[in-house]
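Let's take a walk through this structure together, one piece at a time. Have the sequence and the 3D view ready before we set off.

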Amino acid sequence: GGWTRAFAQQRVSEADLLAFQPVGNVTLVHVTDIHAQLMPVWFREPTVNLGVGEAKGVPPHVTGKALLESYKIPAGSPLAYALADVDFEALAKTYGRVGGLDRVATIVQAIRAERGDRVVLLDGGDTWQNSWTSLATKGQDMVDCMALLKPDAMTAHWEFTLGEARVKEIVDSLGFPFLCQNVRESEFQDEVFKGSTVVERGGVKIGIVGQALPYTPIANPRWMIPNWSFGIREKELQAEVDKLRAGGAQLVVLLSHNGFDVDRKLAGRVSGLDVILTGHTHDALPEPLKIGKTLLVASGSHGKFVSRLDLDVRDGTVRDFRYRLIPVLADVIKPDAAMAATIARHRAPHAKMLAEEVGRTETTLYRRGNFNGTLDDVICEALIAERDAEIALSPGFRWGPSLLPGQAITREDVYNATAMTYPAAYRMAMTGARLKEILEDVADNIFNPDPYLQQGGDMVRVGGLAYTIDVGKPIGSRIGDLTLTRTGQPLAADKDYTVAGWASVNEGTEGPAIWDVVFAHLGRKKTVAPTGASTVKIVGA
Amino acid sequence: MSTPAPRPRIRLDKKDAKKGDLVEVKALVSHIMESGQRKDKDGNLIPRKIINKFTCEVNGKVVFACDLEPAVSANPYMQFKFRAEESGKVVLTWIDDDGSKIVGEDQITVS
Amino acid sequence: AVAVLAFGSARPAFAKNDSDDLIKAFTGGKTPTKGKVRLDLPDIAENGNTVPLAFSVESPMTDASHVTDVLIVADGNPRAGVATFHFSPRSGVAEAATRIRLAETQNVIAVAKMNDGSLFMDTRQVKVTIGGCGG
Ligand SMILES: [Mn+2]
Ligand SMILES: [Mn+2]
């Protein structure tokens, strides 16, 4: 809002944020995991983002103060605000909201103006879903807005939750390649989409391979994409890279939605990749991480960052590079008029409804982190209250912006944390043993020491339930001390408990949409003030 | 109860081969592969009905065969190779528990 | 918590089925050597009802030296048997792929029999998960 603009502009200018000493003949620009956020948002980074195995204690599994110290980022600087949760509320007042596709457009245009035909713009996916307007238009708002940015290619994950037919319909109209080397027709394993494309920039032939989220049919409903199979497909990826090299590509880029730790492992196993632009796990790193000869770039989420990577490519080798993770401070970067108009056109039919106040919050509401955030606590509380349940389960999505203390909660804020194509809030009986099995299963998808067995995302959020997790243990023995918080009694393995949850991947799940459950709850409570006190005890981290 | 036998889908990676070449075959047939372990809604065991044998003959000589158990997925998929020796018919046969056969054919020219 | 609960493990430590018996019947009681066979399965099953399985066995596939049979078993299904593949020198290579059902996280085992009676094996664990999450 206006009240932060003056502060923010005093501290930093658009020129400061875009300043860059150019190098070489190619500039890669990367955005990823925008999650249909057309407008600027607040976004608090996680406090807890545990790494396991070889990823323990190394980026991106370093958060807060430790992160700022390890990269020597001055406290209170724009980058410190964007990358860490330290002093979040105070810095939010100084620097304001982040993102907004009209601001992203300004940055992309400025880079193109400076670097001309050297620029390649790549979108890492998770672009078309998770706002109300993207749900209401089946992704069309995002498709139309992104078209103005003229990306050279994209890959995907949440896009697939629009279903096979809609994805194909959009891809046919896209005007740029939708790259997914690892998506195959299930029967004979034929390609469904192009695996790679070649562009020439600054005299350099650039091969770009796209990698969709390998575990889409597990993380999201398989019944929505019944004829497609995914997987990492390392061998096929290597063949694709080799084919590009043999065809004269001097630079090969993997536009990846694998998640950071998967890409870290993959970089050491697939040869010939100069750059991996990674996505899905929403990490943002101020510098590329070098694995062998491969540069790993992580560009955050929600339109909060634009990555610029300048490369000096000669004789098929990257001789030099320079990188900047540009924080998109919405009060500092001026919006692009054409993009702003397209955004406004798509929002107009919904704007009044989206702005309606449904409650207020006295504390910061956020989701990011391996375990419950305060925003998840509100959703879990709503599930228990409105669905008359003992226990709530809420998915560990990494998308969903934050809210500041004292702020009105609008319908849009609730949609931004819940809008998706399988929103039914179910209510069912589960035994204590089944609940433990679910927690064990999800925990192994996050904390398995082999990244290829991780699916990204965070631990399923719980309400009404306390437990201890030892992240260093194997599956079946991480979760213990399950307790029903209402009674303080341990869960019994064979006793039934009433559980409410949402985002089930099973076909035919019934119940009201989760956002209606939250609206009803906020309507009754008026004001929420979750403290962030956790019912999860973490050991072995 | 007589439903027409499903038509198998067969793909050879080459129709013309040189003697000694490896030819890859991919084949699919629609079949429920009822495991015999599932129960219907009244709790009665649904009787097993699977494809239990698959063979590939080239010019009458078996080049590949497989015995299938209920753990093979519905619409069983078979992918394998054979060495091209002579031109002729490639005949794939799926044998059902009830003794019925599904037969699919293709042709290979070897030079 | 006062009482320690007797929760069953989420993944009962590979409830043994008849996999050992099937392997014994196939090998005549001999112990296969690790190697020569390479099983290829995904780390995580996208769909337990149809898990892609492929294998290849190192062999010249000549009249003098070739693979005759490959047994595939799964040690966590209600019944271990999956398939038995039969090869001859005319196969050219001992390679095949199919799709299989896996009821839960378990090991898939391939045992290859050569024409001289020697036996080789490989094992791969496949995780079958409940799913649902997402970044
Ligand atoms: Mn994702
Ligand atoms: Mn994402």
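Rings of Phe, Tyr and Trp, taking the six-membered ring for Trp, make a pair if their centres lie within 6.5 Å; planes under 30 degrees apart count as stacked, over 60 as edge-to-face and the rest as tilted. Keep in mind that what you're looking at is a predicted model. Searching the whole of it turns up 28 aromatic pairs over all chains.

Take one of them, Trp132(A) with Trp515(A): their centres are 6.1 Å apart and the planes make an angle of 80°, which puts them in the edge-to-face group. What does this pair tie together? Trp132(A) belongs to helix H7 (residues 132–136) of chain A and Trp515(A) to helix H18 (residues 514–525) of chain A, so the two rings connect parts that are 383 residues apart in sequence. Trp515(A) has a relative accessibility of 8%, and buried means under 20%, so this residue counts as buried.

Another edge-to-face pair is Phe193(A) with Trp228(A), whose ring centres are 5.2 Å apart and whose planes meet at 80°. Here Phe193(A) sits in the loop between strand E4 (184–185) and strand E5 (196–201) of chain A, while Trp228(A) is in strand E7 (residues 228–229) of chain A, so the parts being tied together are 35 residues apart in sequence. Are these two buried or exposed? Both Phe193(A) and Trp228(A) are buried.

Stay with Phe193(A) for a moment. Setting aside neighbours within four places in sequence, Phe193(A) is in contact with Phe160(A), Val167(A), Val171(A), Phe178(A), Cys180(A), Val183(A) and Trp228(A). That leads us to the core. The largest nonpolar core has 58 residues, and Phe193(A) is among those that touch the most other members, along with Tyr81(A), Leu101(A), Trp128(A), Leu149(A), Phe160(A) and Phe178(A). Several elements of chain A supply at least two residues each, including strand E1 (26–31), helix H6 (101–115), helix H8 (140–149) and helix H13 (337–347). Which one gives the largest share? That's H6(A), with six residues. As a general rule, nonpolar side chains in soluble globular proteins tend to be buried together.

Now zoom in on H8(A). Its buried residues are Asp141(A), Met142(A), Val143(A), Cys145(A), Met146(A) and Leu149(A). These pack against E1, H6, E2, H7, H9 and H13 of chain A. Right after H8(A) comes Lys150(A), which has a positive phi near 50°.

Elsewhere in chain A there's an open sheet of four strands, in the order E17-E22-E15-E18, with mixed pairing. Strand E17 (426–431) and strand E18 (461–463) are its edge strands, each pairing on one side only. From one strand to the next, the twist averages 30°. Inside the sheet, strand E15 (residues 391–394) and strand E22 (residues 496–501) of chain A pair in the parallel sense over three bridges, and Ala392(A) has Ala500(A) as its bridge partner in E22(A). Two helices lie across strands of this sheet. Helix H15 (residues 374–386) of chain A crosses E15, E18 and E22, at about 135° to E15(A). Helix H17 (residues 432–447) of chain A crosses E15, E17, E18 and E22, at about 105° to E17(A).

Next come chains B and C. Six strands form an open, antiparallel sheet in the order E1(B)-E3(B)-E6(B)-E7(C)-E4(C)-E2(C). At the edges stand strand E1 (9–12) of chain B and strand E2 (37–40) of chain C; each has a single partner strand, so one side of each has no neighbour in the sheet. The twist here averages 15° from one strand to the next. E2(C) runs antiparallel to strand E4 (residues 51–57) of chain C, joined by four bridges, and Leu39(C) has Phe55(C) as its bridge partner in E4(C).

Phe55(C) also turns up in an aromatic cluster, where ring pairs link it with Phe54(B), Phe64(B), Phe80(B), Trp94(B), Phe85(C) and Phe87(C). Rings also meet charges: the charged end of Arg11(B) sits over the ring of Phe188(A), 4.3 Å from its centre, and that of Lys113(C) sits over the ring of Phe26(C), 4.4 Å from its centre.

Key. Residues numbered from 1 in each chain as written. Chains lettered and ligands numbered in written order. Predicted model: local features only at pLDDT ≥ 70, side-chain atom pairs only at ≥ 80, totals over all residues. Heavy atoms only, no water. Pairing = 2+ DSSP bridges. Axes fitted to C-alpha atoms, helices over the stretch in contact; angles between N-to-C directions. Buried < 20%, exposed > 50% of the residue type's maximum accessible area, 1.4 Å probe, protein only. Lys NZ or Arg CZ within 6 Å of the ring centre and 35° of its normal. Core = buried A, V, L, I, M, F, W, Y, C linked by side-chain atoms within 4.5 Å. Contact = heavy atoms within 4.5 Å.
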